[in-house]
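This report describes how the chain shown below is put together, going from surface exposure and salt bridges to the sheet and the nonpolar cores.

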Amino acid sequence: MSKNVLVTGSSNGIGAASAIAFAQKGYNVGITYCKNPEGAEKVQRECLKYGIDARIYKADFQFREDCEKLMQKFLADFGTIDVLINNAGGALQIPKGEFEDLPLDYWDRQITLNLSSAAYCAQAAIKNMKENNIPGRIVNISSVHGSISWVKRKFLPYCAAKGGLEMLTKALAVEVAKYGIRVNCIAPGFIMTKLSDRYKDSDLEAFTNRIPVGFLGQTEHIVPAILFMSDEVNTRYITGQILRVDGGQTVTGNIESMKEDF
């Protein structure tokens, strides 16, 4: 019997690569997008090549209602959920000014997008897993900025949310462990994706110099970690853990802002 996985924020980048990797392993896949339907459709086409069911859902993870509707639709379509990958997130359009000038609406949307949305989706997933006696797996996607702050004010709410996501991982893992459900977290470093186009070559070179392994991360460096943490056998004795896949960035603590205006 096929297993079912929902990968949030999967129209490009790490989420897209993960969705395709799960399809290759025989999972039915839920793909979500907010502003990139073409990307979601491309991911769906790739997934369908492996003979599984792949469906697309639109959701803006800045809003609780979208998270709730997404889970309702996914569970109505597939019946059960075996794996939830909470990958949706981002820094949004960063407003100008210092922290005291920060619009509170921006703060609220960042916390919902990068932290609360994971809790909303996890709540529905865990209820379904318990009702169906599924030893499910939840993998939250954090960031190096969940443990090391970005020195510029612009990333302050993002850092706070990712730090909260890592604590959510630990606390939730303890609560649901007795049901056979495992909750873990992947914290990527700088990963080259479509969004990396905003950087200049000189910025990328400067950032590479701060990474001990000497090169920038790619999506293929993150996907194996996500698959490992999603596997029932691999994680039978692993829960509440944060796996940092960052080329050594958090080991050195050498993370600095690139430019004021990106």
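A residue is called exposed when its relative accessible area is over 50%, buried when that area is under 20%, and partly exposed in between. The structure is a predicted model, and the classes below apply to this model. Because its relative accessibility is 59%, Lys49 counts as exposed. Its salt-bridge partner is Glu46, with 2.9 Å between the closest N and O atoms, and Glu46, at 26% relative accessibility, counts as partly exposed.

**Salt bridges**

The pair Glu46 and Lys49 belongs to a set of 7 salt bridges found in a search of the whole structure. Three of the pairs are set out here with their closest N and O distances and the relative accessible area of each partner.

| Acidic residue | Basic residue | Closest N and O atoms |
|---|---|---|
| Glu46 (26%) | Lys49 (59%) | 2.9 Å |
| Glu68 (38%) | Arg64 (43%) | 3.5 Å |
| Glu166 (6%) | Arg244 (30%) | 3.0 Å |

Glu68 and Arg64 both belong to helix α3 (residues 64-78), and because they are 4 residues apart there, about one helical turn separates them. Glu68 is partly exposed at 38%, and Arg64 likewise counts as partly exposed at 43%.

The salt bridge between Glu166 and Arg244 spans a long stretch of sequence: Glu166 lies in helix α5 (residues 156-176) and Arg244 in strand β7 (residues 242-245), so the pair ties together parts that are 78 residues apart in sequence. With a relative accessible area of 6%, Glu166 is buried, whereas Arg244, at 30%, is partly exposed. Elsewhere, Asp53, Arg55 and Asp77 are linked with one another in a network of salt bridges.

**The sheet**

How many strands form the open sheet, and in what order do they stand? There are 7 strands, arranged as β3-β2-β1-β4-β5-β6-β7, and their pairing is parallel. β3 (54-58) and β7 are the edge strands, each of which pairs on one side only. On average, neighbouring strands of this sheet are turned by 15° against each other, with direction ignored.

Strand β1 can be followed residue by residue. In a regular strand the side chains alternate between the two faces of the sheet. Within β1, Asn4 and Leu6 point one way while Val5 and Val7 point the other way, and all of these residues are buried. On the side of β2, 4 bridges join the parallel strands β1 and β2; Asn4 stands opposite Asn28 of β2, and the bridge partner of Val5 in β2 is Val29. The chain passes from β1 through α1 to β2, and this β-α-β crossover is right-handed. On the side of β4, 3 bridges join β1 to β4, and these strands also run parallel, with Leu6 standing opposite Leu84 in β4. Helix α2 lies across β2 and β3, and runs at about 165° to β3.

**The nonpolar cores**

The largest nonpolar core has 27 residues, and those with the most contacts inside it are Phe22, Cys47 and Ile85. At least two residues of this core are supplied by each of β1 (4-7), α1 (13-24), β2 (28-33), α2 (37-48), β4 (83-86), β5 (137-141) and α7 (219-230). The largest share, 6 residues, comes from α1.

What surrounds Cys47, leaving aside its neighbours within four places in sequence? Cys47 is in contact with Ala19, Ile20, Ala23, Ile31, Ile52 and Ala54. A second, separate core comprises 26 residues, including Leu6, Phe74, Ile81 and Met129. Leu6 therefore appears both in this second core and in the buried pattern of β1, where Leu6 points the way that Asn4 does.

Helix α7 also contains Ser230, which is buried with a relative accessible area of 3%. Not counting residues up to four places away in sequence, Ser230 touches Phe22, Tyr27, Val83, Ile85, Arg137 and Val139. Two of these contacts, Phe22 and Ile85, are also named among the residues with the most contacts inside the largest core.

Technical notes: Residues numbered from 1 in each chain as written. Predicted model: local features only at pLDDT ≥ 70, side-chain atom pairs only at ≥ 80, totals over all residues. Heavy atoms only, no water. Core = buried A, V, L, I, M, F, W, Y, C linked by side-chain atoms within 4.5 Å. Buried < 20%, exposed > 50% of the residue type's maximum accessible area, 1.4 Å probe, protein only. Contact = heavy atoms within 4.5 Å. Salt bridge = Lys/Arg side-chain N within 4 Å of Asp/Glu carboxyl O. Pairing = 2+ DSSP bridges. Right-handed = clockwise from strand over helix to strand, strands pointing away. Axes fitted to C-alpha atoms, helices over the stretch in contact; angles between N-to-C directions.
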